[in-house]
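Trainee: Could you take me on a close look at a single sheet and what packs on it? I would like one connected account.

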Amino acid sequence: MMGLRNTEKKSIWKVTPLKIVTIYAVIGGLWILFSDRLLAALVKNPSLVTQISILKGWVYVAATAWMLYGLIKRNVSAIQRSQEITRQSEERLAGIIQTTPSGIMIIDRSGKINFANPAAARIFGLPETAIVERTYNDALWKITTADGEPIVDSELPAEQVFSTGKSAFGIELSIERPDGKRIIILTNSAPLRDSSGNIVAVVLSFSDITESKEEDQRKLELEKNKREFYRRTILAATEGKLNIVDYDEIECIAGHALATWEIQKGEDLSEIREFVARIAESVGMESSRLYDFILCVGESTTNAYKHVGSGTASLHRNDGDLIFVVSDKGQGMETLTLPDVALKMGFSTAKSLGMGYKAIISIADKVYLATGPAGTTVAIQMSIHPVKKVLTPALLPDTWS
């Protein structure tokens, strides 16, 4: 199809009206010049010359008429074939536009909607006649951002294309239809230019993504509720020692860093343990607690190194506590694995010989865990001096009552 179309264009270009006239003039001039000279050289009788000249003129007219007919027929046939190809292409394009599930509209510079396909009418809950010739300001629907915030004309996709001259892709808008239903549409806009390259309209295509957005929101809520359930369950099961938190909560709890490290090779792990041991000893942490704290430091940094291959670590002091924080950029832990992480001795997210989080939890005073697609951050809190537990009625066994 494309090859045929190109052939027709070349044919029309090669035989233009100017070329037809030029060919006619050249052949006519050569015919008159050479035929008259040949006739004068061969025939001496004036009366016979006149008769032959008349015959010669009729031959010229007939020959050139036949040539013109051939040239014109060739051009007309090429034009007709080109028009038929164009007609078929337009019919196919119209069929695609009419049957596509995506809404399509053409909007001019005044904001008037010049065209809307059936899918656009269906998405907006209106007949096509109620959409065409309307503008943004008098449309039968209310447009806001996907979050429901008010939006001005200059922020609409078509206006962005007119102002920048560039296509706009992936813009989400919220539409309140005449029937009161609110939908979310995903829009793509492209400029429509005239032969001079000026933008005369914008082609806007869009699809209704309300159901997929609602499904995504349901999944987020389900995941949020699941994590909250596990957080509360794990907090209770570990007697308040393991807290599932957000990343910024760990930053707030840890405070200012005494030292930071990049974990990039195995040697970094021993350097971190030695530095933390010196600091813990210098602030007066007793040897048994210092040993436990260094075990937790070693396990957490080893997990990050073996599981992801790199990470960051930092040491903090918060009043009477030392807090060691390890972060990595791995895939994070799935919600379903959190109970195993917290409650199963020896469980590790990597295939390592580490103690696992359960062991860290049993040794440390408190552990804060933030995990997700952005990675995992663990904060291990150990008081410098042992905390004496006060026996309260709530801690007594029920059988004592």
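Mentor: Happy to; here is the sheet, followed by its helices and one buried threonine. The model is predicted, so local features need pLDDT of at least 70 and side-chain atom pairs count only at pLDDT 80 or more, while totals for chains, interfaces and linings use all residues. Residues are numbered from 1 along each chain as its sequence is written, and side-chain values use heavy atoms, leaving out hydrogens and water.

The sheet is open and has 6 strands in the order S7-S11-S12-S10-S9-S8, with mixed pairing. Strands (E, at least two residues) and helices (H or I, at least four) are DSSP runs numbered from the N terminus, and two strands pair if DSSP finds at least two bridges between them. Strands S7 (242–244) and S8 (257–263) are at the edges with a single partner strand each, so one side of each has no neighbour in the sheet. On average, neighbouring strands are turned by 15° against each other, direction ignored; axes are lines fitted to C-alpha atoms, for helices over the stretch in contact, and angles run from 0 to 180 degrees between N-to-C directions.

Further in, S10 (residues 321–328) and S12 (residues 375–383) run antiparallel, joined by 8 bridges. Here isoleucine 323 stands opposite glutamine 381 in S12.

Helix H7 (residues 247–254) lies across S9 (311–318), S10, S11 and S12, at about 150° to S11. Helix H8 (residues 266–282) packs on the sheet too, touching S8, S9 and S10 (contact: heavy atoms within 4.5 Å).

Finally, threonine 371 lies in S11 (residues 366–372) and is buried (under 20% relative accessible area, 1.4 Å probe, protein chains only), at 7%.

Definitions and conventions:
Buried means under 20% relative accessible area, exposed over 50%, partly exposed in between (1.4 Å probe, protein chains only).
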